[in-house]
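Student: I'm new to this one and would like a close look at a single part of the backbone. Could you walk me through it slowly?

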Amino acid sequence: LVLCLVLRFSILILCFTSSRGCSSDVLADLPLSMESFIKVVQRIEGRGLGPSPLTVVRSLRGVAYEGDAFVEHFLGDPDPFPSGENEAPMWDPTLSEFIHLMVRHRIVGQAREEGVVLGSDGTTVALGSLLLGIEAGLVAGAGESVSGLYSLTIARNLGLSFLHSQDSQILGPDGCWDNVTFPRVFTLSGPPSLATDALVNGGMDGVLLGKYLSTHPLHALQLSTVLRDYYGLHPGGPPEGPHLISFQRRDNFRRLVNGSVLQELVLGSLATLQRLGEAEDTGQAAALEDVVKGGVQKFVHRYLECPVIIPRCQWGARPYRGSPTQLSLPLAFMYIHHTHTPRQPCLSFRQCTADMRAMQRFHQDVRRWDDIGYSFVAGSDGYIYEGRGWQWRGAHTRGHNTRGYGIAFVGDYTATLPARRSLELVRESLASCGVMAGWLTGNFTWHGHRQLVNTSCPGGALYLEIESWKQFRSRDQAARHH
Ligand SMILES: *[C@@H]1O[C@H](CO)[C@@H](O)[C@H](O)[C@H]1NC(C)=O
Ligand SMILES: *[C@@H]1O[C@H](CO)[C@@H](O)[C@H](O)[C@H]1NC(C)=O
Ligand SMILES: *[C@@H]1O[C@H](CO)[C@@H](O)[C@H](O)[C@H]1NC(C)=O
Ligand SMILES: *[C@@H]1O[C@H](CO)[C@@H](O)[C@H](O)[C@H]1NC(C)=O
């Protein structure tokens with residue numbers, strides 16, 4: 001059966017390529033990026049009247065989830081190869097291997113995660129979870145609720161992780177690509193749970209796109225077009241405001257579920273797994289409920305309250321020089337900066353990571369600091385970048401580095417403001433994440449760099465903005481606290 005599915009799948013791909021000769025080896029040498037995956041999808045779609053989007057995702061599912069009873073419970077057998085499309089088949093093991101590597105999720109060895117690709121926004125996505133959501137959405141008729149949408153994409157993974165990793169980490173971790181311009185190997189930054197960040201990202205995207213496709217039938221649109229839009233692979237900066245796009249996945253997902261809804265979904269998935277004989281009977285319902293409740297709380301904190309923080313390895317940070325000093329937590333102050341140089345806001349992962357590297361070089365080589373000075377840096381690409389992080393003393397606000405975190409917005413904000421979205425990320429998500437985790441006191445206060453040091457930083461316009469933030473304190477009040 002396995003061989004049969006693989007065969008069918010390869011034939012499906014290749015029958016659309018063979019008219020111009022097979023150049024799939026070119027595809028197989030591509031980086032493991034979302035862009036490459038979209039190219040593969042385009043190849044499968046072919047030109048003109050290619051297979052329907054549903055046929056495409058079903059075939060990919062045949063590779064990603066062979067013989068998975070839970071998946072088949074909701075979606076049925078993977079589509080048999082549609083008759084009539086089977087002309088001039090050509091066996092090409094190279095492309096088939098590449099597709100396996102991209103869509104079939106597994107942990108190899110201690111920490112290598114496969115079945116994941118790097119998005120152009122710098123986050124990593126498990127394609128299998130994404131594809132299940134899309135398939136569920138395409139199957140649902142207009143106006144119907146999408147059967148199994150959450151179970152397939154995210155709730156099963158969470159449930160199994162909560163059950164089976166009780167003593168260790170139950171969520172994450174994130175990881176690092178070997179090379180972000182040409183990603184091939186993704187290495188997790190800690191012991192793997194059954195709900196890695198990539199699985200959660202893919203699951204959230206699957207829910208969002210599945211819901212979207214169930215109400216916006218594809219008609220003439222191709223799947224590759226939908227993916228290209230969602231993953232922001234069009235030129236131009238990110239749009240403002242809520243939008244169905246990958247860098248807003250947490251905001252969009254938060255609009256759909258809360259902790260109690262998610263808890264029911266996870267319990268429901270576990271019950272289905274048990275009925276299918278795919279999970280042990282855990283016995284006491286009350287105990288199970290507690291485990292799931294605790295797990296969901298951690299999920300909500302990690303993925304819905306906290307912002308995405310792009311880790312140092314992803315922006316290509318050099319190592320810290322010397323030994324970092326641990327902060328004595330929690331801290332009570334957040335100091336706002338602008339970078340001034342770079343002057344332009346960064347609007348993409350590529351630009352923001354280049355800016356991070358440039359600032360670190362300047363701070364280390366010219367200023368002779370141990371590392372980039374800031375604790376965190378906010379891009380205008382929808383993400384926050386890790387500088388020294390929550391645990392380590394920074395070099396941002398002379399005389400105050402042990403008392404507060406230094407947060408810098410990339411750009412010069414003398415006359416204009418950062419993107420509204422990045423202001424919100426810092427003011428709402430980053431701050432509440434720090435408070436929840438116990439790194440920041442609940443009564444912490446915001447200050448501009450200029451209140452503590454003789455400088456114009458963070459720029460007149462940005463300073464005026466933060467003066468309106470709820471926990472902002474004036475210079476006098478700040479001085480009194482010291
Ligand atoms: C990443 O890959 C690109 C393209 O192959 C290459 O030019 C670059 O040197 C690589 N970067 C690192 C850090 O290895
Ligand atoms: C969670 O959402 C559900 C449905 O949208 C709602 O009925 C419930 O009150 C919400 N619970 C909380 C704690 O906000
Ligand atoms: C802030 O809260 C902490 C306890 O979390 C308390 O010790 C401290 O006095 C408070 N500071 C101010 C200025 O209210
Ligand atoms: C602040 O800096 C400006 C220019 O850098 C300088 O002219 C001024 O005297 C400084 N003020 C104080 C109080 O040091």
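**Around the loop after β8**

P342 is found in the loop between β8 and α15, which spans 349-366.

Tutor: Happy to, and keep in mind that this is a predicted model. Let's stay with P342 for a moment. What kind of peptide bond joins T341 and P342? The bond is cis, with omega at about -5°. Now step back to H340, which sits in the loop between β8 and α15 too. H340 isn't a glycine, yet its phi is positive, at about 65°. Is H340 buried, exposed or something in between? Its relative accessibility is 33%, so H340 counts as partly exposed. That follows because buried means under 20% and exposed means over 50%.

Next, look at the other side of β8, the strand covering 331-338. P330 lies in the loop between α14 (312-315) and that strand. Here you'll meet another cis peptide bond: L329 is joined to P330 with omega at about 0°. So far, then, we have a cis bond at L329 and P330, and one at T341 and P342.

Finally, follow the chain past α15 to R368, in the loop between α15 and β9 (376-378). R368 is a residue other than glycine, and its phi is positive, near 65°. How accessible is R368? With a relative accessibility of 66%, R368 counts as exposed, whereas H340 counts as partly exposed.

Methods:
Residues numbered from 1 in each chain as written. Chains lettered and ligands numbered in written order. Predicted model: local features only at pLDDT ≥ 70, side-chain atom pairs only at ≥ 80, totals over all residues. Heavy atoms only, no water. Helix = DSSP H or I, 4+ residues; strand = E, 2+ residues; numbered from the N terminus. Buried < 20%, exposed > 50% of the residue type's maximum accessible area, 1.4 Å probe, protein only.
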